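Colleague: I would like to go through the assignments here and ask what each one rests on.

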Amino acid sequence: MLLAIDCGNTNTVFAIWDGSEFLCTLRTSTHHARTADAYFTWYSTLVKHYGLDVEIDEVIISSTVPRVVFNLRVFADRFFGCRPMVVGKPDCALPIEPRVDGGTIVGPDRLVNTAGAHDRHGGDLIVVDFGTATTFDVVAADGAYIGGLIAPGVNLSLEALHMAAAALPHVDISKPQQVIGTNTVACMQSGVFWGYVGLVKECCARIRAERARPMKVIGTGGLASLFNETEELFDVLEEDLTMHGLTVIHAYNKKG
Ligand SMILES: Nc1ncnc2c1ncn2[C@@H]1O[C@H](COP(=O)(O)OP(=O)(O)O)[C@@H](O)[C@H]1O
Ligand SMILES: CC(C)(COP(=O)(O)O)[C@@H](O)C(=O)NCCC(=O)O
Ligand SMILES: [K+]
């Protein structure tokens, strides 16, 4: 069975793929210092809790944090006796190479989102991923990643306000009741929430105009559903897009 690992700058997600469905999804915070033994303690406790009887013999990793890959490699080798595929490394092929400026190292999460989105939808696509950063990945009809946009993440923006301004508290994102906030917290939530609604609409409109064609918009990442509640920002919402992309890249490398 395959263990797919998606390591973002904030969270690390493990999912077990039996070839047709994900049996479970486990989430922990990303820490470069976490050891292989610590990963296994956490992983085996949860697998037992869910009553799963699985034998992992393959691992694929996508990590936006290069330093965590070493310990994840040791984890795969020590506990599953396998050498993991690592997206972005030369021995892990992509179904189609990105078309970007020479020397650019595209975030592996964006390459994985691209593969997942093309596999499910085909055609011209925009993937909006609400992670630590909010990224827009532009996917051509042949499945290539051809560029995009990187904006600060929603929580990062709220945290930046708190860090930089003495009078602004730590605030969690939520959908404000009104646009005009009548207290500090409501003002901050409104500024960030409606600011992001506008950001997503404007960026997608400009991408479409620059490409001069219709494009399907796919929303993913932890906060995508919150933003899709009020406004029709996306054509589809796919929380598992990155995990799906990992299975697509894994299958492609097995075949080839
Ligand atoms: N369901 C959720 N509700 C609220 N916040 C969330 C949820 N899922 C993730 N987040 C927050 O959204 C941000 C991005 O999370 P995530 O998508 O896991 O980022 P990354 O992939 O960059 O690690 C983080 O600050 C995280 O705490
Ligand atoms: C833009 C990102 C920081 C997003 O990471 P995430 O929010 O998923 O943690 C990551 O994709 C990255 O480090 N990219 C490298 C530069 C690029 O993609 O062009
Ligand atoms: K991500």
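**Ligand and helix contacts**

Modeller: In this predicted model, an N or O atom in the side chain of Arg27 is 3.5 Å from an oxygen atom of ligand 1.

Colleague: What makes the pair of Arg27 and ligand 1 a polar contact?

Modeller: The cut-off is a pair of N or O atoms within 3.5 Å. The Arg27 atom is 3.5 Å from an oxygen atom of ligand 1, so the pair counts. For Thr10, a backbone N or O atom is 2.9 Å from a ligand 1 oxygen, and a polar backbone atom of Asn9 is 3.5 Å from an oxygen of ligand 1.

Colleague: How much of ligand 1 does the protein bury?

Modeller: The protein buries 64% of the 560 Å² that ligand 1 exposes when taken alone.

Colleague: Which residues are around ligand 1?

Modeller: Among them are Gly8, Asn11, Phe130, Gly131 and Leu223. They are listed because a heavy atom of each lies within 4 Å of the ligand.

Colleague: What describes the packing of H1 and H2?

Modeller: Helix H1 (residues 36-49) and helix H2 (residues 69-80) pack at about 60°, with axes 8 Å apart. Their crossing is right-handed. Residues in the contact include Tyr39, Phe40 and Tyr43 of H1 and Leu72, Phe75 and Phe79 of H2.

Colleague: What is the make-up of the H4 and H5 contact?

Modeller: Val154, Ser157, Leu158 and Leu161 of H4 meet Met188, Val192 and Tyr196 of H5. The contact has 6 nonpolar residues, 1 polar and no charged. Ser157 is counted as polar because Ser is outside both the nonpolar and the charged lists.

Definitions and conventions:
Residues numbered from 1 in each chain as written. Chains lettered and ligands numbered in written order. Predicted model: local features only at pLDDT ≥ 70, side-chain atom pairs only at ≥ 80, totals over all residues. Heavy atoms only, no water. Axes fitted to C-alpha atoms, helices over the stretch in contact; angles between N-to-C directions. Helix = DSSP H or I, 4+ residues; strand = E, 2+ residues; numbered from the N terminus. Left-handed = near helix turned anticlockwise from the far one by under 90°. Contact = heavy atoms within 4.5 Å. Polar contact = N/O pair within 3.5 Å; in protein donor to acceptor, adjacent residues only side chain to side chain. Areas by Shrake-Rupley, 256 points an atom, 1.4 Å probe, with all protein chains shown as cover.
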